[in-house]
Every structure is written in structure tokens, then in C-alpha cells.
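The following paragraphs offer a guided reading of a protein model. Please keep the sequence and the coordinates in view while following the text.

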Amino acid sequence: IGMPDEEFPDVRNEEEVFVEDIFTQKGSTLIYEYDFGDTWEHRIRCEGPARSTHEALSILDGQRACPPEDCGGVPGYHHLLECLSDPNDPEYEDMTEWLGSPFDPEALDLEEANAILREVQDGFGPLETEPPD
């Protein structure tokens with residue numbers, strides 16, 4: 001599922017696939033790949049089917065903070081964490097400067113994550129009970 005592209009004819013148009021098409025029952029899962037260059041994969045599990053136009057999607061739980069953009073995927077992120085864990089590391093100053101602000105890899109702000117999700121959902125309007133023709 002993604003943006004239509006002639007190079008990838010098997011990709012379903014993201015504008016024609018709805019949450020309720022994917023999450024049809026509690027416990028169903030999907031793997032969401034973000035940033036094909038860095039290959040971030042997220043496992044998302046449904047805690048209940050999305051069927052109402054009045055219910056907002058929400059994140060119930062998760063682990064750790066979102067890695068910084070363009071940190072080099074899993075290997076780059078592990079390298080970043082290693083550098084940040086040791087102020088004597090030769091790359092420590094460069095990494096903290098590159099980040100631009102304090103970074104706590106253990107912090108997950110569910111309130112902030114859900115605020116972002118609400119913003120995105122507001123941009124697309126309410127969930128529909130049936131896909132348009």
C-alpha cells in the first residue's frame with residue numbers, strides 16, 4: 001500500500017485503502033515500513049476493528065522514542081545510542097550537535113504521538129464506514 005508508482009505496479013493506492021480494510025478483527029497485524037532508505041519497520045496490532053465514523057484512532061502503547069530522522073536505520077541508530085551513552089566517545093559532541101536538542105531514547109510521549117495522529121486524521125476527515133465508489 002503506498003503512492004502509485006509505475007515502477008511498483010503491485011502497490012495498492014493508499015487513497016483507496018482504508019483502516020477497516022486492513023484491521024478487520026482484534027489481533028490482526030501489519031508491518032509498516034517507514035523510510036525505505038533506512039528501512040524502519042513497525043509492527044502494528046489492532047486492538048479492535050475500526051468501524052465508526054465517530055471514533056478517533058489512537059496509540060494505546062509503545063516502546064521508546066522515535067529515532068531521529070536520517071540517523072541511518074537500525075545500524076545508524078544503534079551507533080548513535082552507543083555514542084550518546086559515553087560522553088568520552090570521540091563522536092559524542094558531533095552527535096549531540098547533530099541532534100540539536102536533548103534526546104532520551106527511552107521516552108515515549110503517548111500524548112504527543114496521539115496529538116500528531118489526530119492532526120493527520122483531521123487532515124483526512126473522519127473514518128468512513130464504507131470506501132467510496
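Glu69 is found in the loop that connects strand 2 to helix 2. In this predicted model, the residue counts as partly exposed, at 44% relative accessibility. When neighbours within four places in sequence are set aside, the contacts of Glu69 are Tyr34, Asp35 and Trp98. For one of these partners, Asp35, the separation along the chain is 34 residues, while the C-alpha atoms of Glu69 and Asp35 are 9.1 Å apart.

Asp35 leads to the hairpin. This residue sits in the turn between strand 1 and strand 2 and has a positive phi of about 65°; the two strands of the hairpin have 5 residues between them. Strand 1, residues 29-34, runs antiparallel to strand 2 and is joined to it by 6 bridges. Within this pairing, Leu30 stands opposite Ile44, a residue of strand 2, which spans residues 40-45.

Ile44 also belongs to a surface feature. Together with Tyr32 and Tyr34, Ile44 forms a nonpolar patch whose accessible area is about 260 Å² in total. Why can Ile44 be part of a surface patch? Ile44 qualifies because its relative accessible area is 33%, and patch members must have over 30% and no salt bridge. Tyr34 thus appears in two settings: as a member of this patch and as a contact of Glu69.

The charged side chains come next. Side chains of opposite charge can pair when their charged atoms come close. How many salt bridges does the structure hold? There are 2 salt bridges in the structure. One of them joins the side chains of Arg45 and Glu47, with an N to O distance of 2.6 Å. Both partners are partly exposed: Arg45 has a relative accessible area of 48%, and Glu47 has 38%.

In the other salt bridge, the side chains of Arg64 and Glu106 meet at 2.9 Å, N to O. This pair links distant parts of the chain, 42 residues apart: Arg64 lies in the loop between strand 2 and helix 2 (73-84), and Glu106 in the loop between helix 3 and helix 4 (110-124). Arg64 is partly exposed, with a relative accessible area of 34%, whereas Glu106 counts as exposed, at 53%.

These details can be placed within the overall fold. The secondary structure comprises 4 helices and 2 strands, and the elements follow the order α-β-β-α-α-α from the N terminus on. Of the contacts with a separation of 6 or more, 49% are between residues 24 or more positions apart. Buried residues account for 19% of the 133 residues. The accessible surface comes to about 10500 Å², and carbon and sulfur atoms contribute 50% of it.

Confidence remains to be considered. The mean pLDDT of the protein is 82, with 86% of the residues at 70 or more. Among the elements, helix 1 (residues 19-22) has the lowest mean pLDDT, 76, and helix 3 (residues 92-99) has the highest, 95. Which residues have a pLDDT that stays under 50? This applies to residues 127-133, for which the model has 17 contacts beyond four places in sequence. Where pLDDT is low, the predicted coordinates should not be read in detail.

Technical notes:
Residues are numbered from 1 along each chain as its sequence is written. This is a predicted model: local features need pLDDT of at least 70, side-chain atom pairs count only at pLDDT 80 or more; totals for chains, interfaces and linings use all residues. Side-chain values use heavy atoms; hydrogens and water are left out. pLDDT is the predictor's confidence in each residue, from 0 to 100. Contact means heavy atoms within 4.5 Å. Patches are made of residues with over 30% relative accessible area and no salt bridge: like charges are joined within 9 Å, nonpolar side chains (Val, Leu, Ile, Met, Phe, Trp, Tyr) within 5 Å. Accessible areas come from the Shrake-Rupley method with a 1.4 Å probe; for residues, only the protein chains shown count as cover. A salt bridge is a side-chain nitrogen of Lys or Arg within 4 Å of a carboxyl oxygen of Asp or Glu. Buried means under 20% relative accessible area, exposed over 50%, partly exposed in between (1.4 Å probe, protein chains only). Two strands pair if DSSP finds at least two bridges between them.
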